[in-house]
Amino acid sequence: MPAEHVVDQARSDLQQVARTPGVAKPDALLVADGVRRSFGGVNAVDVEHLEVQRHVITALIGPNGAGKTTFFNLMTGFDRPDTGTWLFDGTPLSGVAASRVATAGMVRTFQLTKALARMTVLENMRLGARDQPGENLFTALVKPVWAPRERAITDKAMSLLERFKLDTKKDDFAGSLSGGQRKLLEMARALMSDPALVMLDEPMAGVNPALTQSLLGHITDLRDSGTTVLFVEHDMHMVRHISDWVVVMAQGQVVAEGPPAAVMADQAVIDAYLGAHHDTDLGDDALLEEGGVIDAEAEAEADAEEKKP
């Protein structure tokens, strides 16, 4: 079945799901049970049950300190829970190292980008690929063994860089990129391993507003190509425009779930997150109108502004 039909079906299935915390999904890719993590007696994460639907964009929102990033860290092997288990596509991943989680098909980006500043953009991309025989001490000495795979990885990296409009930067050091370009690089590098689930931790944070539309387009493209997306974001306009389902965390717990419009009107969300500002406009919808296009010149100007001291 074509990817667009699969995505449409997954989004349609969600419309039949009850809007209650921890509700079961028709085709869950990630399922977490009893996941708890405390720091100094404070429960950073206390998730009884959470399921992430396959082939859709799910937003994970909540106030600062709600446990969103800690939950990401636990799911991807960057931290260990006090208790709890989770399944990714039916495979138990609790206690599994981050490298093996990525190999299983679940990759993430970070609030602060992790690009290797003293390596080129292309070299950063190559690092994200799986199955590199040249990393083995013995096969590395025999070029005919690893050279074909190296060419395939480079071709894939260049294809992704073109898609993210970073191909002209391939020989630049990653440290020379603007904040928005580093976000794009990290997202592109995550796709080098052909993940089933991409977890984006505040992908819009620190990005020049002129590049917002470009990043939003790439996130929706991921879903439309069949990749499941789970992302953390504070901007409610971003969440409302691109997410298919929203999960709300507060004090480490899941307090609400549902379609964006329903969640924004939920009293638990208003109390826990939007607070006294829930009746005010949170941003400019004009930036997010469908079909909005940021041309190359506008992106270049935005990048130049970001680099100014």
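How many cavities of 30 Å³ or more does the structure hold? The structure holds one. I shall come back to that cavity after the two sheets; please keep in mind throughout that this is a predicted model.

Let me begin with the four-stranded sheet. This sheet is open, its strand order is β2-β1-β4-β5, and its pairing is antiparallel. The edge positions belong to β2, residues 42–53, and β5, residues 91–92; each of these has a single partner strand, so one side of each is left without a neighbour in the sheet.

Taking the pairs in order, β1 and β2 are joined by 10 bridges in the antiparallel sense. A32 has L50 as its bridge partner in β2. The two strands make a hairpin with two residues between them, and in that turn G40 has a positive phi of about 60°.

On the next pair, β1, spanning residues 28–39, runs antiparallel to β4, spanning residues 83–88, and five bridges join them. Two positions may help you to find this pairing on the screen. L30 has F88 as its bridge partner in β4, and R36 stands opposite T83 in that strand.

The last pair is β4 with β5, which are antiparallel and share two bridges. F88 appears here again, with T91 as its bridge partner in β5. These strands also form a hairpin with two residues between them, and D89 in the turn has a positive phi of about 55°.

What lies across β1, β2 and β4? That element is helix α2, residues 68–75, which runs at about 115° to β1.

I turn now to the second sheet. Six strands form this open sheet, in the order β6-β7-β8-β3-β9-β10, and the pairing is mixed. Here β6, residues 106–108, and β10 are the edge strands; each has a single partner strand, so one side of each is left without a neighbour in the sheet. From one strand to the next, the twist averages 20°.

Within this sheet, β7 pairs with β8, residues 228–232, in the parallel sense over five bridges. L200 has F231 as its bridge partner in β8.

The edge strand β10 also leads us to the charged pairs. As a general point, side chains of opposite charge can pair when their charged atoms come close. The structure holds 15 salt bridges. One of them joins the side chains of E257 and K25, with an N to O distance of 2.7 Å. E257 belongs to strand β10, residues 253–258, while K25 is in the loop between α1, residues 3–14, and β1, so this pair ties together parts that are 232 residues apart in sequence.

Let me return to the cavity from the opening question. The largest cavity has a volume of about 50 Å³. Its lining consists of T109, F110, K183, E186, M187, L200, D201 and P203. L200, already mentioned for its bridge to F231, is therefore also part of this lining. Two elements, α6 at residues 179–190 and β7 at residues 197–201, each supply at least two lining residues. Of the elements, α6 gives the most, with three residues. By class, the lining of this cavity has four nonpolar, one polar and three charged residues.

Finally, the largest pocket. About 500 Å³ of space lies in this pocket. Which of its 21 lining residues are the closest to its centre? They are A102, V107, R108, G128 and R189. The elements that give two or more residues to this lining are α3, residues 98–104, together with β6 and α6. The largest share, four residues, comes from α3. By class, the pocket lining has 10 nonpolar, six polar and five charged residues.

To close, I would draw attention to α6, which supplies lining residues to the largest cavity and to the largest pocket. I would also point to β6, an edge strand of the six-stranded sheet that gives two or more residues to the lining of the largest pocket. Thank you.

How values were computed: Residues numbered from 1 in each chain as written. Predicted model: local features only at pLDDT ≥ 70, side-chain atom pairs only at ≥ 80, totals over all residues. Heavy atoms only, no water. Pairing = 2+ DSSP bridges. Contact = heavy atoms within 4.5 Å. Axes fitted to C-alpha atoms, helices over the stretch in contact; angles between N-to-C directions. 1 Å grid on protein atoms, 1.4 Å probe; cavity = no way out; pocket = protein on both sides within 12 Å on 5 of 7 lines; lining within 4 Å. Points joined across faces, edges and corners; volume = space filled by probe spheres on them. Nonpolar A, V, L, I, M, F, W, Y, C, P; charged D, E, K, R; others polar. Salt bridge = Lys/Arg side-chain N within 4 Å of Asp/Glu carboxyl O.
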